[in-house]
Amino acid sequence: MNRSHYDVFEHMHYVCFHYEFEHDVRGDGDPDEDCGVPGCPSAPAVRQEERLAATVRALLDD
């Protein structure tokens with residue numbers, strides 16, 4: 001890798017790097033879903049969605 005590429009990657013924000021090079025590298029998934037890579041920025045959104053759905057189910061049961 002030449003120096004210019006190193007500088008690009010070294011100064012890249014983690015979220016940008018993750019979505020560009022790590023998240024859904026196969027191209028067949030949803031960027032809003034947790035990809036399973038530790039630290040995936042989408043993971044909190046998935047957990048919040050599950051919590052919201054559980055809350056709605058509990059309210060419907062009442």
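Histidine 18 sits in helix α2 of this predicted model. With a relative accessibility of 0%, histidine 18 is buried, because buried means under 20%. The protein has 62 residues, and 8% of them count as buried. The points below start from histidine 18, move to cysteine 35, and then turn to the surface and the overall fold.

**Around histidine 18**
- Leaving aside residues up to four places away in sequence, histidine 18 is in contact with His23, Cys35, Val37, Cys40 and Pro41.
- One of these partners, Cys35, belongs to the loop between α2 and α3, whereas histidine 18 itself is part of helix α2.

**Around cysteine 35**
- Cysteine 35 has a relative accessibility of 32% and is therefore partly exposed, since that class lies between the 20% limit for buried and the 50% limit for exposed.
- The contacts of cysteine 35 are His18, His23, Asp24 and Cys40, again without residues up to four places away in sequence.
- Cysteine 35 and histidine 23 are separated by 12 residues in sequence, and their C-alpha atoms are 6.0 Å apart in space.
- His23 and Cys40 appear among the contacts of histidine 18 and also among those of cysteine 35.

**Charged surface**
- Asp30, Asp32, Glu33, Asp34, Glu49 and Glu50 form a negative patch on the surface.
- One member of this patch, aspartate 34, is found in the loop that runs between α2 (14-22) and α3 (43-61).
- Aspartate 34 has a relative accessible area of 38%, so this residue is partly exposed.
- That 38% also passes the patch cut-off, because patch residues need over 30% relative accessible area.

**Nonpolar surface**
- Tyr14, Val15 and Tyr19 make a nonpolar surface patch of about 230 Å².
- Valine 15, one of the three, is located in helix α2.
- Its relative accessibility is 31%, so valine 15 counts as partly exposed.
- Valine 15 qualifies for the patch because 31% is over the 30% cut-off.
- Helix α2 thus carries both valine 15 and the buried histidine 18.

**Whole protein**
- The secondary structure consists of three helices and zero strands.
- In sequence order the pattern is α-α-α.
- Contacts between residues at least 6 apart in sequence include 14% that join residues at least 24 apart.
- The protein has an accessible surface of about 5200 Å², and carbon and sulfur atoms account for 55% of that area.

Methods: Residues are numbered from 1 along each chain as its sequence is written. This is a predicted model: local features need pLDDT of at least 70, side-chain atom pairs count only at pLDDT 80 or more; totals for chains, interfaces and linings use all residues. Side-chain values use heavy atoms; hydrogens and water are left out. Patches are made of residues with over 30% relative accessible area and no salt bridge: like charges are joined within 9 Å, nonpolar side chains (Val, Leu, Ile, Met, Phe, Trp, Tyr) within 5 Å. Accessible areas come from the Shrake-Rupley method with a 1.4 Å probe; for residues, only the protein chains shown count as cover. A salt bridge is a side-chain nitrogen of Lys or Arg within 4 Å of a carboxyl oxygen of Asp or Glu. Lys and Arg count as positive and Asp and Glu as negative; His and the chain ends are not counted. The place of a charge is taken as NZ of Lys, CZ of Arg, CG of Asp or CD of Glu. Helices (H or I, at least four residues) and strands (E, at least two) are DSSP runs, numbered from the N terminus. Buried means under 20% relative accessible area, exposed over 50%, partly exposed in between (1.4 Å probe, protein chains only). Contact means heavy atoms within 4.5 Å.
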